[in-house]
Structures are given as structure tokens and as C-alpha cells.
Amino acid sequence: MTLTLNLPRELEQRLLQEAQRRGVAVEQCALQLLEHQLAPRDRCAEAVALIQSWIDADDVEEQKETGDFLIQALDEDRPSERKLFPAELKGVTW
């Protein structure tokens, strides 16, 4: 597809500078920028599938270890002495 664009002068200068920085023709630079910004639907589907595979993973022990680590890190990184996840409330409120 052939597309003709009338760019504002400032945008034209920015595109020229970016093409020079990348060491490519202005047209090629514009195509690269469009390709980067317009992620294909397949990529979105791949990301959804990856996240779903993490959710469906049966490695319960790893998930428990990760959760315990996060709880410990959150409690240690607090400016106050009051813990977000006190041990005596485990299984009651969290």
C-alpha cells in the first residue's frame, strides 16, 4: 500500500533525525516505527496464552515459595514495625 502523509515540520525533523540515528532511509525508519507501535494481534494472543499457562501451571510448591517470598519482602520493606502479613493471621485474613 502506498501512503502519502503531510507531516508537520517538527515531526518531519524528528523522523529525519531518527532515521539518521538508526542509519536507515527515512521510509524504512517510518515503517520500523509503525511496525513497533502497531503490535500484531498474534502477539497479544501469545501474551494471553503465556499468562494463562502460568495460571494453569500445576507447580503448587513453586507458587507457594514465590508467595512466601513476596510476603516476606513486603513485610521487610515497610517503614513501620507493623507487618502487613502477621504470622498469627495466616489462614485467617490472608
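**Asking why: charges, patches and spread in a predicted model**

Reader: Why is Asp68 called partly exposed?

Author: Asp68 has a relative accessibility of 32%. Buried would need under 20% and exposed over 50%, so a value of 32% puts Asp68 in between, as partly exposed. Please keep in mind that this is a predicted model.

Reader: What makes Asp68 and Lys64 a salt bridge?

Author: Their closest N and O atoms are 3.0 Å apart. The cut-off is a Lys or Arg side-chain nitrogen within 4 Å of a carboxyl oxygen of Asp or Glu, so the pair qualifies. Lys64 is partly exposed, with a relative accessible area of 43%.

Reader: How do you know that Asp68 and Lys64 are separated by about one helical turn?

Author: Both belong to helix H4. They are 4 residues apart there, which means a separation of about one helical turn.

Reader: What makes the contact of Asp68 and Lys90 count as a salt bridge?

Author: The N to O distance of that pair is 4.0 Å. The rule asks for within 4 Å, so Asp68 and Lys90 meet it at the stated value. This pair links distant parts of the chain: Asp68 sits in helix H4, Lys90 in the segment after H4, and their positions lie 22 residues apart in the numbering. As for its surroundings, Lys90 is partly exposed at 48% relative accessibility.

Reader: Which residues are joined into one network by salt bridges that share partners?

Author: Those are Glu18, Arg21 and Arg22. Within this network, Arg21 bridges to Glu18 with the closest N and O atoms 2.6 Å apart, and the limit is 4 Å. Arg21 and Glu18 are 3 residues apart in helix H1 (residues 9-22), which means about one helical turn between them. In total, the structure holds 4 salt bridges.

Reader: Why is Arg21 called exposed?

Author: Its relative accessible area is 62%. Exposed means over 50%, so Arg21 earns the word.

Reader: Which residues form the negative surface patch?

Author: The patch is made of Asp56, Asp58, Asp59, Glu61, Glu62 and Glu65. Helix H4 (residues 60-76) gives the most to it, with 3 residues. Glu61 has its place in that helix.

Reader: What makes Glu61 accessible enough for a patch?

Author: Glu61 has 48% relative accessibility. A patch residue needs over 30%, so Glu61 passes that step. With 48% it also counts as partly exposed.

Reader: Which residues form the nonpolar patch on the surface?

Author: Met1, Leu3, Leu5, Leu7 and Leu11 form it, with about 570 Å² of accessible area together. Leu5 lies in the segment before H1. Its relative accessible area is 55%, and exposed begins over 50%, so Leu5 is exposed.

Reader: How do you know that the protein is more spread out than a compact globule?

Author: Let us start with the elements. The protein has 4 helices and 0 strands, and from the N terminus on they run α-α-α-α. The radius of gyration is 25 Å, whereas the globule rule gives 12 Å for 94 residues; the value is well over the rule, so the protein is more spread out than a compact globule. Along its principal axes, the C-alpha trace spans about 65 × 35 × 20 Å.

Reader: How many Å separate the C-alpha atoms of Ser80 and Gln28?

Author: They are separated by 54 Å, at 52 residues apart along the chain. Ser80 lies in the segment after H4 and is partly exposed, with a relative accessible area of 34%. Another pair is Leu70 and Pro8: 62 residues apart in sequence, they stand 49 Å apart in space, C-alpha to C-alpha. Leu70 belongs to helix H4 and is partly exposed at 47%.

Reader: What percentage of the 94 residues count as buried?

Author: That is 7%, where buried means under 20% relative accessible area. The protein exposes about 8,700 Å², and carbon and sulfur atoms supply 57% of that area.

Reader: How many Å apart are the mean positions of the positive and negative charges?

Author: The mean positions of the 11 positive and 19 negative charges are 8 Å apart.

Terms used: Residues numbered from 1 in each chain as written. Predicted model: local features only at pLDDT ≥ 70, side-chain atom pairs only at ≥ 80, totals over all residues. Heavy atoms only, no water. Patch = residues over 30% accessible without salt bridge, like charges linked within 9 Å, V, L, I, M, F, W, Y side chains within 5 Å. Areas by Shrake-Rupley, 256 points an atom, 1.4 Å probe, with all protein chains shown as cover. Lys, Arg positive; Asp, Glu negative; His and termini not counted. Charge placed at Lys NZ, Arg CZ, Asp CG, Glu CD. Helix = DSSP H or I, 4+ residues; strand = E, 2+ residues; numbered from the N terminus. Buried < 20%, exposed > 50% of the residue type's maximum accessible area, 1.4 Å probe, protein only. Rg over C-alpha atoms; globule rule 2.2 N^0.38 Å.
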